[in-house]
Every structure is written in C-alpha cells, then in structure tokens.
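Good morning, and thank you for making time for this presentation. Please have the sequence and the structure open as I speak.

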Amino acid sequence: MGANHSQEDLDLSDSESDSESHETTNQESESEDTYGTPSSHPSGGGSGKKITDPNTPSSLDEVESRLRALKLKYNKDTPNPNLKNAVKLYLHVGGRTEKSKWVVVEKVVSYSFVKTVSDGGEEDDSDEEEGPDPNSWWVLKIGSKVRAKVDENLQLKACKEQKRVDFVANGVWAIKFFSQEEWDRFTKLYQDCLFHNTYGYEANDENKLKVYGKDFLGWANPEAADDSMWEDAEETLFKTPPAKTPLKRSHDLTEELGEDAMNGSAIQSLALGALDNSFLVSDSGIQVVRNYSHGIQGKGIYVNFDDGKSSARKGANSTHLTPRKALLMRAETNMLLMSPMNDGKPHARGLHQLDIETGRVVTEWKFEKDGADINMRDITNDSKGAQMDPSGSTFLGLDDNRLCRWDMRDRKGIVQNIVNESTPVLNWTQGHQFSRGTNFQCFATAGDGSIVVGSLDGKIRLYSVSSMRQAKTAFPGLGSPITHVDVTYDGKWILGTTDSYLILICSLFTDKDGKTKTGFSGRMGHRISAPRLLKLNPVDSHTAGTSKFRNAQFSWVTENGRQERHLVATVGKFSVIWNFQQVKDGSHECYQNQLGLKSCYCYKIVLKDDSIVDSRFMHEKFAVSDSPEAPLVVATPMKVSSFSISSSRLCM
C-alpha cells in the first residue's frame, strides 16, 4: 500500500540533479563571496606593511573566473532572447520509489504546437487555429526530446504558482517557464489545441456553444461557472453526524483478511451482499464468502457451473455460462448471471437465474420484445437497495439504443411456470427503444430508482423513475467515452469513469420557485455547476502504463440521510481511493492555481502484485466503531483482500 504523494510534487528548483546542475551550484556558492577593497590603514601596530583583503582577487585569471561564476549565477534562468517559447525541461526518474527525483534535461529549449495532417506531413506551427479539420491534429514538440499528440493521455497537470506543467509522454516530463506570461500563453494554447483535437473544431465561443450548449458553458469556462451548489454541499457535509472516533491526521489502510480463489478458477467479478454473504464469480462457478465487519472470508462453498446439479434444462437457445455480470436479487437468495456472446462484445441474448440456497441454476431466461430476440449489454437492480427486497422480480436492462425494465413474472403479474418452458421469456414492462444512435454503455440507479446512463460520446443522461423515454437532464461529454457510471443514494452526485479520468457531477439545481432539486426530477436550466475531475498524477499515471480507469464507485449506503464518504476506482494494479468530502471542498489545495476544470490529485493507492479485477466498499452496516467506513474489498484474479480504514476521515 502506498500513498500518492511522491517526488513528482516537489518544487523543481529543489531537485535539479544532473551533473551540470551540481557544477552550477558549486560555482554559485563560490560567487557569493563579497569582493573587498585593499585596506588603506596599516595594521600590526603601525608596522607599515600593506595587508590585502582576503576577498580581493589576486590575479586576472581569478577575476575572470569569478566573472564567469557571476554570469552563471545571475543569468542561469534567462532565456536566449532570440529563442521563441523558451522553457526549462525536466525528466522524472525513479518512479514511485524513495530515490525518485527530477533531472534537468535541457536548461533552455523551445516548445511549439504543430498541426499534423493525416498523411503524416506537418503544417507550420501557429498561435491561431483555422477552421475545423477532422483530418488534422495538434502535436506538442519540445526540442528533440518530446513529441506527443495533445490529448488526455498526456495527463497534463498545471501549477500556476510554480510556472510549471507536468505531463506523460514516454516518460514523466516537466517544463518550467521563465515568466508568468509565458505560462499563461502556453496553457491557453494547450487548451485550444486540446479542444480542437477532442471535438474537431477551432476553440472559439461559437464552437464551444455548439459543443456544450448554452446551459453548460460553465463547463467550457470553469472560472465563470456557478459553483454555488458545490458550496452548499460543503456547508452540509460538515453537518454529517460526527464519527465514532476523533479526527486523526495519521492513518492508513490495513489489510485485514485475504482469501484465495478456490478450484484454481480466476475471479471475473465481485457480487457483494449487504446481508450475510458475498460472492466471487469465475468462469467455472461461484465461491461463497461470509461478510464480517473486518472484510469477507471464505465459507468453503463453491458452486460449479459444470456440475449437473447446478445446470438448468437446456433449450435450443442455450448459451455457455461464462458470466461477466452477476446481479443479486430477492433478499440475495437469487443471482442473475449474464454471459456475453462469443464475438468479443458484452452483449447477451439472455441470462441464467441461480438459486443460491440450493446452488442450482434454475432457468435460462431470454430477452425478447414483440416476438423478436433482442440483446442486452448490461443489467442492474431497480434501485440501490433493491437486492435486499425479498419479493423483487424486476430489474433494468440496457443496450446500445434501449433502456427498459424486465419482469420475471408474466404480463398478469404471475410467476412463470419455468418447469414447462425450456427458455422462458422475460416480460418487457417499461422502456424505450431509441431510433437514433444513443450508444449507451453503462447505467446505475439511485435509492429511489432514478436512472443515470453513460454513453460512448461521453454524455451522461438522467432519467426519472416514471419515464425512460426522455432524459430530464443530459450532461455534455468531455470527449471521452463513459465506461462506467455510479450515483449516490440520494441522487445528488454522479460519478462517471473514462479511460484516463473520473468525472464527478453535482446534479443539484434551484428551480424557478427557489426549491432545490436534482437533475432526475426536472430540467436544470442554465445554473449548472462545472464538474470536477479525479486524476492520477503524471508519475502514477506513467507507472500504471497502458492500464485504464475502471468501475469507479461510491461507498455503499442504502438509507436516506446517510452520506457516501469515499470513492474507489481500479487502474491496473492500483486500487485508488478518494475522500469524497475532500473532493467536494472547493478550498482544497488541489484546486488552487489549476488550469481548466478543477482536478483532484489527492488519493490513496492500494498496490497489488497482479492486475485488479474490481474494488468495492462493503455495505456501510459493516463499518465498526474505530473506522468511519466499511471495509474495502480488492479482488485480483486469484485472491481477494479486505482493507479497513483506521482513521475517522481518510485525509489524503
């Protein structure tokens, strides 16, 4: 387990460590001597012997040497006046180790933004962009060392106070500017190039209106956005009932329990229960584990899908059971298992229903509408607490252009007779099939059943409980597909996952009557807060390599008036945890002197030896008196571990 803070955050002026820099430092120290003048007064009791001040140069060579030192001292940060866009270039070495440091690569070097066309040629670099051109993109060049496309993969982190930006491009780099004006100019050009590369348009007011819409211009200009709802949240977050232990600045995550995967089967997903048990789902079966206040631990029970006792009757449309999605239902006595078709896509034509108490797959359901087979790419519960309802028979389904509710009862509300049906058909009870390409990717539900849906174009749509036909609110995309989405129990906060960052959205707004509502219940109008981004710092991002953010989740509450305390996401071998209250705090140090949307880089990391399958917090009922949060469960293919938070508030 390691914290996120690293040498990456040190002031560059404290860590110039190449041999040339050391030599300069020595010369600077020597040049700080004060030059004296020969004394005009004899010493030694009027002996008449002339004494030379020890600080006076004794030869012309020494004078020249000291003049050279002075030049190095006072001109070391002065760029060549004939060199345009001059910066100082650093490289970070040592990764996330104690020996990590910044090394000066070029004391003075020029940067440029160059437009590259699809045939591999280059146009002249320019401060002004021309019209939209999807066949060209902007590249950042710094001397002969750096050449990289301007996009989110750079993980650029700007620090105005230090006149510095850090980024990832086949290594972790930093450039430091010689004036505040140069920093401002670079960051403005970078933002314009990023907008062009993301949307294919020149970065002007007209095109920003086209991309974001008039209600979301605060997303394009965060400095002018209305953050009053975030401020209201900051006031209310401190009204949460005090934790059972005093606030501690020293804290950590402690591994409490570890459980190996049974039968040598790699874990594919987690299905955490809020009652007695949780489940580790693999290709060959399900491992049952017991829920405790300090984590989950095995019961020695394994349900094998290939065991004849756990097989349903096989019909002509039967599919091989290799589940990638597991959904608990009916007071966690049943589980729905969805297996993708064998074409590399997540879509499925149906699902299997497992009776957990008997260990049998009791039936295989088929997705069908108006007599035609259809596919689903995802399923979820009707609401955040629905899996604990013993009478639940409905759940939600999502496909690229469909959002619906399925019922395991027939149209008259009677449980279907699955004994006489080889492949019974689920009843489409509510939903909508969109004619145009919505490209839905993922969805989640709030405590009241409101639905949030993430799309390939980055849009996030909010649907009320009563209608799936038209979204009450549609947040614009930032250019990256939403691969996973979550929402707090009260519906006030939305968390979207993209490959390179997380996006946190406040759904609160004030209607024309002065009432505070969420975007699930009405159109938010123009007073919409800008979102906040959660990112890895460039050093951690480079360490994670090509791994992408996956499955960002809030901690788990199922009761009104309770507030989620943490967020967790998976990146390769990292499980990354943010303090939710800290992220919402507008005065947090991460948000000072930043560029663009406020981005939080303060987090804790759980580092595992293998790639992490999933990371989730257990239900809040399993939090104990010396911890403010339920245990965090981290699953790798062959092991699941449980971690406790030992302080009253995880301050990063």
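Let me begin with a question: which residue in S7 is the bridge partner of Cys159? The partner is Arg164. I should say at once that this is a predicted model. The pair belongs to an antiparallel arrangement in which 3 bridges join S6 to S7, residues 164-168.

These two strands are part of an open sheet of 7 strands, ordered S5-S4-S3-S2-S8-S7-S6, with antiparallel pairing. At the edges stand S5 (146-149) and S6 (157-159); each has a single partner strand, so one side of each has no neighbour in the sheet. On average, and ignoring direction, neighbouring strands here are turned by 30° against each other. Helix H3, residues 180-199, packs on this sheet and touches S3, S4, S5, S6, S7 and S8. The direction of H3 makes about 45° with that of S3.

I now turn to the nonpolar cores. The largest has 29 residues, and Leu502, Leu504, Val576 and Trp578 have the most contacts inside it. At least two residues of this core come from each of the helices H6 (228-237) and H8 (580-584), and likewise from each of the strands S29, S30, S34, S35 and S36. Beyond its neighbours within four places in sequence, Leu502 is in contact with ten residues' worth of surroundings that include Leu495, Phe549, Ala569 and Trp578. Another core, of 28 residues, lies apart from the largest one; among its members are Leu462, Tyr501, Ile503 and Phe509.Strand S35 deserves a closer look. Of its 6 residues, 6 are buried. On one side are His566, Val568 and Thr570, and on the other Leu567, Ala569 and Val571, so arranged that both faces are covered. In a regular strand, side chains alternate between the two faces of the sheet.

How is S35 joined to S34 and to S36? With S34 it runs antiparallel, through 4 bridges, and Gln553 has Val568 as its bridge partner in S35. With S36, S35 also runs antiparallel, through 6 bridges, and His566 has Asn579 as its partner in S36. S35 and S36 form a hairpin with 2 residues between them, and Gly572 in the turn has a positive phi of about 60°.

My last point concerns Val539, which is placed in helix H7, residues 538-544. Is Val539 buried or exposed? It counts as buried, because its relative accessibility is 2%. The C-alpha atoms of Val539 and Asp166 are separated by 9.1 Å, although the two residues are 373 residues apart along the chain.

Technical notes:
Residues numbered from 1 in each chain as written. Predicted model: local features only at pLDDT ≥ 70, side-chain atom pairs only at ≥ 80, totals over all residues. Heavy atoms only, no water. Core = buried A, V, L, I, M, F, W, Y, C linked by side-chain atoms within 4.5 Å. Buried < 20%, exposed > 50% of the residue type's maximum accessible area, 1.4 Å probe, protein only. Contact = heavy atoms within 4.5 Å. Pairing = 2+ DSSP bridges. Axes fitted to C-alpha atoms, helices over the stretch in contact; angles between N-to-C directions.
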